[in-house]
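This report walks through one protein model, from a single helix outward to its surroundings. Please keep the sequence and the 3D view at hand.

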Amino acid sequence: MTEVIEKTEYKKGYKKTKLGWIPEDWEVKKLKSLVKINRNTLTENTKPEYQFYYLDISAVKQGKILIPHNTIIFSEAPCRARRIVKQNNILFSTVRPYLQSFAVMKNSKENFVASTGFAILSDFKNINNMYLYQSLYSNLLMNQYKKSLVGTNYPALNNTDMLNLKFICPNDIREQEKIAEILSAWDEGIETLEKLIEQKEISHKALMKNLLIGKKRYSEFSKNSEYKRTKLGSIPVDWQIKPLKLLFDKRMQKYSRDTEHNIFTNSATKGVVLQNEYFDRSIVTEENTSNYYVVGEDDFMYNPRISQNAPAGPINRNKLGITGIASPLYTIFKAKHDTIVDFYEQYFSSNLWNNSMFMVANQGARHDRLNISNNDFMNMPLPYPPIKEQEKIANILIESYKEIQLLNSKLEKLKEQKKGLMQKLLTGQIRVKI
């Protein structure tokens, strides 16, 4: 392990700069003195049959490059396909750089061409390319991006502002390499954990699908191995199909001044959340909530807004531990006294109910919202296993998901620790021995 010496306060050997206190043997340098940008670019004279892999903005995210499956030829490529990318070049997204679409090209066996939304950094002078790459993620650089952006819909850095970005650099290239080596080791640990989480999520989804449709059963419930065809597909013969309205009641209680004024939003990725926390502000006023409906603890909310994560819109359970209110655009429903809430929370978190919605949704709806009547929604067919089996399935899936949550918590802590270490290493608060 690399030995480090921490400077807990500014002492002799440090100097004050516009970017703060840094070691005396370090310098503040502008990007234009460290690299060349877009040195290799396709021109209009490029042969029409020239073949390459095209990297658009979506192909790069936080250090990872998603290589396309197929190549394209120049004559059929987008007009933005111009930046030639070579081994060890850095792809720097000038469009919304705060999204951190940066990566180092480590595959030189193929021809790669990136969108003009990237600046390609090459010809590194007195700077280690991995040290520079790590610096792009620092708070110091993030603050500079935000101050220099132009445009509204797609704010970007122009070439002049990008070349004037300031970096704190150790003069000794060996110290740069050591710092980059330490931070890259943290990246590897983070990536390993991300891959583990991805594998766990795949396994959890497979388990969810098999249990919720009865394809996988436990010995105490599988006395009869026969299945029957239903509108939900093949299910065990001892399971039933029931419409949602027999298991849940639609909430019809309107907001009144006596109700807690907590406005809820149902997010496809974060579930039921407080609106002011999700949007960093409240987007409606109390005067505009007279037609809002009450959302009780453990009530479910259906949001008809569709997305990649929720192709039929999300259904989520209010687990905030408080009562609130929500827009009439949502359908809010609560479990009847004998409904196993945990089981149906798991079912709604899957996509197994989506086809039932697509079959009854009205055509001609807004492209971002599923148009379904209240009657059709409340008649959505749901699987109804024996109660004891519902409880068993719910408990197994809850425990499986808890493992993923613990891993995600560990991942977030790891990322935060890396950020803290990065801040100290890239400003010289912590020095590495070389």
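Start with helix α2, residues 139-148, whose buried residues are Leu141, Met142, Gln144, Tyr145 and Ser148. These residues span an arc of only 160 degrees around the axis, so they sit on the same side of α2. The face turned away from that buried side carries Lys146 and Lys147, both exposed. The model is predicted, not experimental.

The spacing fits a general rule. An α-helix has 3.6 residues a turn, so residues three or four places apart point the same way.

What covers the buried side of α2? The cover over its buried residues includes strands β11 (90-93), β12 (102-104) and β15 (166-170). Helices α1 (129-135) and α3 (159-163) are also part of that cover.

**Cores**

Tyr145 of α2 leads on to the largest nonpolar core. This core has 38 residues, and Tyr145 is among those with the most contacts inside it, together with Phe92, Leu121 and Phe167. In soluble globular proteins, nonpolar side chains tend to be buried together.

Phe167 shows how such a residue is surrounded. Setting aside residues up to four places away in sequence, Phe167 touches Glu27, Val28, Lys29, Leu31 and Leu34. Its other contacts on that count are Leu132, Ser135, Leu136 and Leu141. Leu141 is also one of the buried residues of α2.

A second core is separate and holds 33 residues, including Phe348, Ile393, Ala394 and Leu397.

**Sheet**

Strands β11 and β12, which help cover α2, belong to an open four-stranded sheet. The order is β5-β14-β11-β12, with antiparallel pairing. β5 (36-37) and β12 are the edge strands, each pairing on one side only. Inside the sheet, four bridges join β11 to β14 (residues 118-122). One bridge partner pair is Ile90 with Leu121 of β14. Leu121 also counts among the residues with the most contacts in the largest core.

**Two loop residues with positive phi**

Neither Gln100 nor Asn126 is a glycine, yet both have positive phi. Which of them is buried, and which exposed? The table sets them side by side.

| Residue | Phi | Loop | Relative accessibility |
|---|---|---|---|
| Gln100 | near 65 degrees | between β11 and β12 | 16%, buried |
| Asn126 | about 55 degrees | between β14 and α1 | 52%, exposed |

Gln100 is classed as buried because its 16% relative accessible area falls under the 20% cut-off. Asn126, at 52%, counts as exposed because the limit there is over 50%. Beyond its neighbours within four places in sequence, Gln100 is in contact with Lys61, Gln62, Tyr137 and Met142. Met142 returns us to α2, where it is one of the buried residues.

**Largest pocket**

The largest pocket has a volume of about 1,600 Å³. It is lined by 40 residues. Nearest its centre lie Ala268, Thr269, Asn316, Ser349 and Tyr401. Elements giving two or more residues to the lining are α4 (173-212), β21 (271-274), β24 (315-317), α7 (341-349) and α10 (387-425). Which element gives the largest share? That is α10, with seven residues.

Conventions
Residues numbered from 1 in each chain as written. Predicted model: local features only at pLDDT ≥ 70, side-chain atom pairs only at ≥ 80, totals over all residues. Heavy atoms only, no water. Core = buried A, V, L, I, M, F, W, Y, C linked by side-chain atoms within 4.5 Å. Buried < 20%, exposed > 50% of the residue type's maximum accessible area, 1.4 Å probe, protein only. Contact = heavy atoms within 4.5 Å. Arc of directions from axis to C-beta. Pairing = 2+ DSSP bridges. 1 Å grid on protein atoms, 1.4 Å probe; cavity = no way out; pocket = protein on both sides within 12 Å on 5 of 7 lines; lining within 4 Å. Points joined across faces, edges and corners; volume = space filled by probe spheres on them.
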